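User: Hi! Could you walk me through this protein chain? I'm new to this, so plain words please.

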Amino acid sequence: MRTYLGHVELINPITTAAGCAASGSELAQFFDLGRIGALTTRSITMAPRAGRPTPRMAETPSGMLNAVGLQGPGVDAFLERELPWLAQRSVRTVVSIGGGTVAEYTALARRLTDAPGVSAVEVNLSCPNIEDRGRVFARDGAASAEVVASVRSVMRYDVPVVAKLSPDVVDIVSVARACVDGGADALSMINNPLGMSIDTEAMRPSLAAVTGGLSGPAIRPLAVRCVWQVHAALPGVPIIGMGGVLTGRDAFEFILAGACVVAVGTALFHDPYACLRILRELEELLAARGFHRLADAVGLAHRPPGAPTRHRIDLEESSL
């Protein structure tokens, strides 16, 4: 069940999705966080943020909408309290970061580069660029690449930089390629697509922010499509797949599409043990299908029947 995120080895492919497990302490009351591949924190910002006004969440068919707004105590509090708590427990930690300017992302990366306990940094590109009329970074390949390059330039060489992509683009492959060209060691997809619902009793939008990110099983086919397309175009780039993972079979689908790591998000809101259950179900499914290694299943759906398995070293050489 071991896998790799860049050069970082994980004991298994299951992680949490950013924003769905805060910074770990809430989830730790249910199970040992060291039993999953990694924990991904909520998106850390430079300054404390109160988030968006309420209501922030609304249930939808097979999912939910949220517009939390990157609520958090800021990077100082994270480095003082939350990251040391995770490091003391030897939790492999992917730190998600969000900013409103390239300079802000760079400053965040600089604060994290010498911090102990950072396994990888996930760059949340679905943030408004305040220097470009609030246009979201993730919707433009050049803007995404600029952020990734700035983070990579100051981040410690042994800490992978992961670019988190949005499906709300014309061509996700071109954005993915731009991020890799900018220095991304891995890609994470998908961030929540934008959605909206209206309360028919109040006859008003369900969320105070009007629109919000859609998550849950409803978006899984969209997420699988994005992972499939990007893996087909960039087979040597590690991918964290996410979007509506509720079962081991869902995780297996992402792996067959090309993901080597799978993140669990919305499922945690109603089942805090979801990561361990999904890991167990995935392991049982792989064994039932005759796989001796997780790596042998990654991207298998792309290969014609009878084609030889491509191992990690093969993919690295083919990408050179």
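Analyst: Happy to! This is a predicted model. A good place to start is a pair of helices: helix 5 and helix 6 are oblique to each other.

User: What angle do helix 5 and helix 6 pack at, and how far apart are their axes?

Analyst: The angle is about 55 degrees, and the axes are 9 Å apart. Angles under 35 degrees would count as roughly parallel and 65 to 115 as roughly perpendicular, so this pair is called oblique.

User: Is the crossing left-handed or right-handed?

Analyst: Helix 5 crosses helix 6 in a right-handed way. On the helix 5 side, the contact involves Ile172, Val173, Ala176 and Arg177. Helix 6 contributes Arg225, Cys226, Gln229, Val230 and Ala233.

User: Cool. Which residues of helix 5 are buried?

Analyst: Helix 5 runs over residues 172-181, and its buried residues are Ile172, Val173, Val175, Ala176, Ala178 and Cys179.

User: And what do those buried residues pack against?

Analyst: Besides helix 6 (220-233), they pack against helix 4 (141-154), strand 11 (161-164) and strand 12 (186-189).

User: What happens at the ends of helix 5?

Analyst: At the N-terminal end, Asp171 acts as a cap, with a side-chain oxygen 3.1 Å from the backbone nitrogen of Val173. Just after the helix comes Gly183, which has a positive phi of about 120 degrees.

User: Switching topic: which residues does UniProt list as "binding site"?

Analyst: The unreviewed UniProt entry gives that annotation to Asn66, Ala67, Val68, Gly69, Leu70 and Asn124.

User: Let's take Ala67. Where is it found?

Analyst: Ala67 is in the loop between strand 6 (63-66) and helix 2 (75-88). Val68 has its place in the loop between strand 6 and helix 2 too.

User: Why does Ala67 count as buried?

Analyst: Its relative accessible area is 9%, and buried means under 20%, so Ala67 qualifies. Val68 has 27% relative accessibility, so it counts as partly exposed.

User: Which residues do they touch?

Analyst: Leaving out residues up to four places away in sequence, Ala67 touches Arg52, Arg56, Leu207, Ala209, Thr211 and Gly212. With those same places left out, Val68 touches Gly51, Arg52 and Arg56.

User: Last one: which domain does UniProt place at residues 5-286?

Analyst: The unreviewed entry names it "Dihydroorotate dehydrogenase catalytic". Over residues 5-286 the chain is 32% helix and 22% strand, and the end C-alpha atoms lie 20 Å apart.

Definitions and conventions:
Residues are numbered from 1 along each chain as its sequence is written. This is a predicted model: local features need pLDDT of at least 70, side-chain atom pairs count only at pLDDT 80 or more; totals for chains, interfaces and linings use all residues. Side-chain values use heavy atoms; hydrogens and water are left out. UniProt positions are given in the numbering used here, feature names are shortened, and annotations may be inferred rather than shown by experiment. Helices (H or I, at least four residues) and strands (E, at least two) are DSSP runs, numbered from the N terminus. Buried means under 20% relative accessible area, exposed over 50%, partly exposed in between (1.4 Å probe, protein chains only). Contact means heavy atoms within 4.5 Å. A polar contact is a pair of N or O atoms within 3.5 Å; within protein, one must be able to donate a hydrogen and the other to accept it, and residues adjacent in sequence count only if both atoms are side-chain atoms. Axes are lines fitted to C-alpha atoms, for helices over the stretch in contact, and angles run from 0 to 180 degrees between N-to-C directions. Angles under 35 degrees count as roughly parallel, over 145 as roughly antiparallel, 65 to 115 as roughly perpendicular and the rest as oblique. A crossing is left-handed if the near helix is turned anticlockwise from the far one by less than a right angle, and right-handed if clockwise.
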